[in-house]
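This report covers a pocket and its lining, a helix pair and an aromatic pair. The sequence and the structure come first.

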Amino acid sequence: MNHHVNPAKAALTFGAFLGGLHLVWSVLVLFGWAQPIVNFVLWMHMISLPYVVKAFDLIAATTLVVVTTIVGYILGFAFARIWNRMHHE
């Protein structure tokens, strides 16, 4: 059985996943739905913190999505390389 993971595909997959999650967050901020979600998550964890979601900023949102996509790409690539080394036959 081949346990090899293609580093380029893993990098693209995890980069798209992590960037996509942050794209969704940016859309939630844009529509004003982020604060109620933050409030709900904190309530579920029985935490009371004064976190306030700011107004949508296109430059900040673009930076967030780009940086997290790049970090996800790097992490996905590193994961695949480590996985392949650990399962080297």
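The residues that line the largest pocket divide into eight nonpolar, one polar and two charged. The structure is a predicted model. About 200 Å³ of space lies in this pocket. Its lining consists of Trp 25, Ser 26, Val 29, Val 53, Lys 54, Ala 55, Phe 56, Asp 57, Ala 60, Ala 61 and Leu 64. Two elements, α1 (7–30) and α3 (58–86), give two or more residues each to that lining.

Trp 25 and Val 29 belong to the pocket lining, and both also take part in the contact of α1 with α2. The axes of α1 and helix α2 (residues 34–44) come within 7 Å and cross at roughly 110 degrees. Angles of 65 to 115 degrees count as roughly perpendicular, so that is how α1 and α2 lie to each other. The residues that meet are listed by helix below.

| Helix | Residues in the contact |
|---|---|
| α1 | Trp 25, Leu 28, Val 29 |
| α2 | Ala 34, Ile 37, Val 38 |

By class, this contact has six nonpolar residues, with no polar and no charged ones.

The whole structure holds four aromatic pairs. One of them is Phe 40 with Trp 43, whose ring centres are 5.8 Å apart. Their planes stand at 25 degrees, so the pair is stacked. Phe 40 and Trp 43 are three residues apart in helix α2, and are therefore separated by about one helical turn.

Key. Residues numbered from 1 in each chain as written. Predicted model: local features only at pLDDT ≥ 70, side-chain atom pairs only at ≥ 80, totals over all residues. Heavy atoms only, no water. 1 Å grid on protein atoms, 1.4 Å probe; cavity = no way out; pocket = protein on both sides within 12 Å on 5 of 7 lines; lining within 4 Å. Points joined across faces, edges and corners; volume = space filled by probe spheres on them. Helix = DSSP H or I, 4+ residues; strand = E, 2+ residues; numbered from the N terminus. Nonpolar A, V, L, I, M, F, W, Y, C, P; charged D, E, K, R; others polar. Axes fitted to C-alpha atoms, helices over the stretch in contact; angles between N-to-C directions. Parallel < 35°, antiparallel > 145°, perpendicular 65-115°, else oblique. Contact = heavy atoms within 4.5 Å. Phe/Tyr/Trp six-rings, centres within 6.5 Å; stacked < 30°, edge-to-face > 60°.
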